[in-house]
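Reader: I'm new to this one. Can you walk me through what you have?
Author: Sure, here is the picture to go with it.

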There are 2 protein chains.
Amino acid sequence: MNAQPTDASLDTRLRLIEAAILTFAEKGFDGAGIREIALRAKANSALVTYHFSGKEGLYLEALRYIFARKACRVAELATAPALEGPGARKDAIQRLKDHIRAFMQDLMACDPLDPQDPLGEAAMALMAREMQAPRATSSALLMEQIRPHVDHLMQCLQVLRPDLSWGELLNMGMSIQGQMLYFRNSLGISRLIRGDPNFPEDLEEVIRHFTDFSLRGLGIPEAFPQPRN
Amino acid sequence: MNAQPTDASLDTRLRLIEAAILTFAEKGFDGAGIREIALRAKANSALVTYHFSGKEGLYLEALRYIFARKACRVAELATAPALEGPGARKDAIQRLKDHIRAFMQDLMACDPLDPQDPLGEAAMALMAREMQAPRATSSALLMEQIRPHVDHLMQCLQVLRPDLSWGELLNMGMSIQGQMLYFRNSLGISRLIRGDPNFPEDLEEVIRHFTDFSLRGLGIPEAFPQPRN
DNA sequence: CCAAGAATTAATCAATCGTTTGAGCCAGTC
DNA sequence: GACTGGCTCAAACGATTGATTAATTCTTGG
């Protein structure tokens with residue numbers, strides 16, 4: 001009479017999803033095999049079809065799992081009220097700084113409580129793969145996830161540069177997000193170029209750089225010169 | 001007695017390589033099948049093994065083919081003599097501008113003579129895939145290709161901001177290259193966000209934006225304000 | 001305790017993978 | 001005209017793919 005999922009099955013589902021994140025991130029959708037994923041999850045490969053109705057379903061569930069856990073810092077910021085009133089400009093600058101810090105921290109760690117979480121690396125690699133070559137079945141999922149972050153950033157930019165057109169503001173946003181996403185997506189190449197396998201040793205330094213570079217690039221005179229933050 | 005490749009065989013090799021670029025770019029290394037590639041090239045799939053000793057060999061040849069044809073504009077710039085003398089600073093600004101324009105044009109078109117070349121899109125998508133998730137056999141090839149561009153850019157930055165440490169200069173370079181590479185790698189997402197499937201309608205406008213944003217971000221006072229270019 | 005249903009398993013499915021085979025084609029050479 | 005060697009081909013190879021089956025184990029409400 002029990003039509004509800006069991007605790008045990010939830011465990012198995014979770015193990016499969018986490019193994020899927022790791023394996024899909026390493027080898028891509030086509031490169032990863034369900035047998036390999038199941039082996040990693042210490043489960044039977046037939047359970048992929050049973051629980052997720054196939055490989056594609058497991059992939060989508062893995063993405064949903066990442067979205068549910070990730071981007072928590074940025075997601076919080078995106079819920080902030082609209083910028084208005086006399087202090088809007090100063091608020092916008094602070095929000096932009098917060099956005100960059102939150103986004104960078106989200107980029108570098110999956111679980112805020114555990115920066116060493118191996119899922120963090122994998123989840124970002126998987127999202128990067130997805131942004132670059134979205135699967136037909138998952139592009140809607142991706143857009144839905146990205147949209148609020150874009151809106152939040154654009155709202156700040158609009159206040160900071162009311163003289164620019166919407167297209168120019170989008171360019172600004174593209175440059176700001178682009179440097180950060182490239183930083184994350186090309187960590188491998190960056191480490192090779194720098195000859196430092198541990199780069200970045202200090203994330204705060206990189207955050208500071210992106211903040212300064214972006215504010216200068218935006219052309220916000222009152223933000224410089226001034227002491228850090 | 002003929003141990004040399006025939007004209008006919010060169011044709012086939014070329015058709016296979018170009019079909020490989022298109023297919024690998026669309027589906028990735030694992031997603032693309034040699035039968036599909038061969039069909040596209042109107043050739044027999046056994047020829048992949050015959051000419052390139054396997055799928056992996058064809059993939060490497062495709063990368064080499066891209067590197068040989070692509071990045072021609074940037075590559076020219078990278079051969080410029082060292083910056084020195086009284087005009088070094090002004091030269092460096094111009095070189096940076098030229099670098100951004102050349103890099104953007106290389107990003108958006110494979111063959112300079114034919115901006116509509118479908119290989120251009122595919123080649124860049126393939127390189128982006130490769131930068132993000134380098135295959136063990138091809139990372140050396142990738143670094144060797146990227147290195148001169150990095151050196152050229154860093155030389156300019158060093159002249160423009162002699163007060164910065166090497167690490168800080170690398171951060172600057174990362175931001176400048178990052179915004180451009182993200183622009184290219186995430187064109188799909190950008191078009192969805194903008195609701196404009198034809199973005200960018202005017203590449204020059206984007207080049208201008210990246211140039212301005214980068215020069216401001218670098219903190220080059222004498223570059224602003226001033227008329228375009 | 002005991003059916004009922006959810007969860008898991010090993011075995012197997014057809015399909016496709018990259019690669020190999022062996023024969024045939026076509027140019028040049030003696 | 002026989003021969004050579006580069007090139008191309010259809011056919012088949014073993015391996016692996018994602019998915020399916022049917023039997024078994026586990027869990028739980030009555």
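Reader: Where do we start?
Author: With the contact between two domains of chain A, in what is a predicted model. Domain 1 of chain A and domain 2 of chain A bury about 1,500 Å² between them, and 73% of that is on carbon and sulfur atoms.

Reader: Which residues of domain 1 of chain A lose the most area to domain 2 of chain A?
Author: A:Ala25, A:Ile66 and A:Phe67, which together make up 37% of what the domain 1 side buries.

Reader: Where are the domains of chain A in the sequence?
Author: Domain 1 covers 8–68 and domain 2 covers 71–223. Taken over C-alpha atoms, the centres of the two are 28 Å apart. Domain 1 of chain A brings 18 residues to the contact, and domain 2 of chain A brings 15 residues.

Reader: How many salt bridges cross between the two domains of chain A?
Author: The rule finds 1 salt bridge across that interface. There are also 5 residue pairs in polar contact between domain 1 and domain 2 of chain A.

Reader: Which elements give two or more residues to the domain 1 side?
Author: Those are α1 (7–31) and α4 (55–69) of chain A. The most comes from α1(A), with 10 residues. By class, the domain 1 side that touches domain 2 has 11 nonpolar, 1 polar and 6 charged residues.

Reader: Different topic. How many helices and strands does chain A have?
Author: Chain A has 11 helices and 0 strands.

Reader: And how much of chain A is buried?
Author: Of its 229 residues, 50% count as buried. As for contacts in chain A with a separation of 6 or more, 70% of them are between residues 24 or more positions apart.

Reader: Now the other chain. How many residues of chain A are in contact with chain B?
Author: 43 residues of chain A are in contact with 43 residues of chain B. The two chains bury about 3,900 Å² between them, with carbon and sulfur atoms giving 65% of that. On the chain A side, A:Gln132, A:Met174 and A:Phe213 lose the most area to chain B, together 18% of what that side buries.

Reader: How many salt bridges are there across the interface of chain A and chain B?
Author: The rule finds 0 salt bridges there. The count of residue pairs in polar contact between the chains is 10.

Reader: Which parts of chain A touch chain B?
Author: Several elements give two or more residues to that side, among them α1, α7 (118–132), α8 (139–160) and α11 (203–218) of chain A. The largest share, 13 residues, comes from α9(A). The chain A side that touches chain B divides into 22 nonpolar, 14 polar and 7 charged residues.

Reader: Back to salt bridges. How many does the structure hold over all chains?
Author: It holds 14 over all chains. One of them is the pair of A:Arg101 and A:Glu204, at 2.4 Å from N to O. That pair links distant parts of the chain, with A:Arg101 in helix α6 (residues 88–108) and A:Glu204 in helix α11 of chain A, 103 residues apart.

Reader: Are those two side chains buried or exposed?
Author: Neither label applies. A:Arg101 is partly exposed at 29% relative accessible area, and A:Glu204 is partly exposed at 32%.

Reader: What about chain B, which residue does B:Arg101 form a salt bridge with?
Author: B:Arg101 pairs with B:Glu204, their closest N and O atoms being 2.4 Å apart. B:Arg101 is in helix α6 (residues 88–108) and B:Glu204 in helix α11 (residues 203–218) of chain B, so the pair ties together parts that are 103 residues apart in sequence.

Reader: Which residue does B:Arg40 form a salt bridge with?
Author: B:Arg40 forms one with B:Glu26, and the closest N and O atoms are 2.9 Å apart. B:Arg40 lies in helix α2 (residues 34–40) of chain B and B:Glu26 in helix α1 (residues 7–31) of chain B, so this pair ties together parts 14 residues apart in sequence. B:Arg40 counts as partly exposed at 37% relative accessibility, and B:Glu26 is partly exposed at 46%.

Reader: Why would such side chains pair at all?
Author: Side chains of opposite charge can pair when their charged atoms come close.

Note on methods. Residues numbered from 1 in each chain as written. Chains lettered and ligands numbered in written order. Predicted model: local features only at pLDDT ≥ 70, side-chain atom pairs only at ≥ 80, totals over all residues. Heavy atoms only, no water. Domains from an automatic or database assignment. Contact = heavy atoms within 4.5 Å. Buried area = accessible area lost by both parts, 1.4 Å probe. Salt bridge = Lys/Arg side-chain N within 4 Å of Asp/Glu carboxyl O. Polar contact = N/O pair within 3.5 Å; in protein donor to acceptor, adjacent residues only side chain to side chain. Helix = DSSP H or I, 4+ residues; strand = E, 2+ residues; numbered from the N terminus. Nonpolar A, V, L, I, M, F, W, Y, C, P; charged D, E, K, R; others polar. Buried < 20%, exposed > 50% of the residue type's maximum accessible area, 1.4 Å probe, protein only.
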